Amino acid sequence: MLKVDFAYNLFKLKEKQIKKGNSMSYIKSSLLAASAFVLIAPTAFGAGFQLKEQSASLQGLSFAGASAKADDASVMYFNPAGITRLKGKQAYGTVSLIKPSTKFDQDESQFSAQTAPAGATHTVNDGEGGDAGSLAAVPAAYVKAELDNDVHIGFAVNTPFGLTTEYDDGWVGRYHALKSELLTINMAPTVAWKVNENWSFGASANIQYAEAELTNATASGGGTDLFTKLKGDDIGFGFRLGALYEPTDKTRIGVAYHSGIHHELTGEVKSYSGSTVVSNIAAKAKLRTPDIASLGVYHELNDRWAVMSELAWTNWSTFEYLTVQNRDTSANLSSIEEKWNDSYFMALGAEFHPCDYPNRAWQFGIAYDKTPVEDEYRTFRIPDEDRLWLSVGYGHEWENKSFHIGYSHIIANEADVVEDESSTAKGVVAGSFDANVNILSANFTMKF
């Protein structure tokens, strides 16, 4: 039986025929159309494989106050109750260009302990994989309307989770990982109600499509590597709830909850010798995106300065094991111990309006993002570590339009990895990752 090396993100898009009259297929076709916005599959830059880059107007603040600032339509992703502060109709489009650098440094002091699997074509000196990070473009779009003074509706399309790591084909760790890619497309109809001048409540329904691809080399025993690819997809459903409290016209407090979404990814595990398929197994695996709870505070000190903060908790601890099964027989193909922990994100930000130009704003932000991955469970698929965000942004409003641009530099701690799978024909490789990320986001808003 083919043994499959799985990590967290399992499968890639496999297009299916759309049958007329099938409501699930209609939903899928809509999500596939929405995926045309995704220029390049994203790399994960929040803890785990979460993507925070959903708003250029918050990027320069390191997403401080995301649940409470509520001054444009992108708030519906962070806190659906926030759209009650927006008058009339509004359309908001944003894109984030993200360039990570993820480089592996093999631990030469442990060469004697690093081994190739039986039948492998490499030694421990085969190369360190190059830069595993790739350029990504993460777009998002939001529209909202006002039914009356108290009820507001909205619609969002974005990609809240994603992952891409890809190493050189011949690198020393290719039996553990070559390419890992996950992409989600989320559509969220939203409604919010302003109860009174102090309180607002909101809710969104999440319709989420997940696609992914996972590849690695396999030692054949015959002197030539095989190439193993896994791919598949699924649609899942969830919700968001939010509340916004405005004790004064200068202060806002927002709380929000994003439910986890259950996916059962279905697809295939194929093994290739050159271009020839030598094995093909129908497979399935369960993937659950995490619950997220957040608290944001926004306060205007005066006409020129505002300060804000954000605290978010992500329920990554639901990921203890990832079990992959044969779809036809339900026999286990692989079971990987993940043992992720819950993580948190903390951010502080400030916004400055020059006295001569009140329609312009400078933004500054700093954040700390805690990884859910413990050292002993870190893999080449997701070499995740704690990270520090440093951000700056600029916004300009005129008439019924506005424009924002934000930049973040993310510094990740050194991530040590020891992949010891000699018992599963993968070999032993050890070293560390040096990673950083540069993000440039821009948006345009039109009010009607």
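**Exercise 1. State how confident the predictor is in this model, and where confidence is low.**

Solution. The chain has a mean pLDDT of 84, and 84% of its residues reach 70 or more; pLDDT is the predictor's confidence in each residue, from 0 to 100. Over residues 1–21 the pLDDT is below 50, yet this stretch has 86 contacts in the model beyond near neighbours in sequence. A contact means heavy atoms within 4.5 Å. Residues 26–42 also stay under 50, with 41 contacts beyond four places in sequence.

This is a predicted model, in which local features need pLDDT of at least 70, side-chain atom pairs count only at pLDDT 80 or more, and totals for chains, interfaces and linings use all residues. Residues are numbered from 1 along each chain as its sequence is written, and side-chain values use heavy atoms, with hydrogens and water left out.

**Exercise 2. Describe the secondary structure and burial of the chain.**

Solution. The chain holds three helices and 20 strands, taken as DSSP runs numbered from the N terminus (helices H or I, at least four residues; strands E, at least two). Of the 448 residues, 55% are buried, meaning under 20% relative accessible area with a 1.4 Å probe, protein chains only.

**Exercise 3. Place strand E2 among its partners.**

Solution. Start with E2, residues 136–146: eight of its eleven residues are buried. Next, E1 (residues 90–106) pairs with E2 in the antiparallel sense over nine bridges; strands pair if DSSP finds at least two bridges between them. Here threonine 94 stands opposite alanine 140. Then E3 (residues 151–158) pairs with E2, also antiparallel, over six bridges, and alanine 145 stands opposite isoleucine 153. Finally, four residues lie between E2 and E3 in their hairpin.

Methods. Buried means under 20% relative accessible area, exposed over 50%, partly exposed in between (1.4 Å probe, protein chains only).
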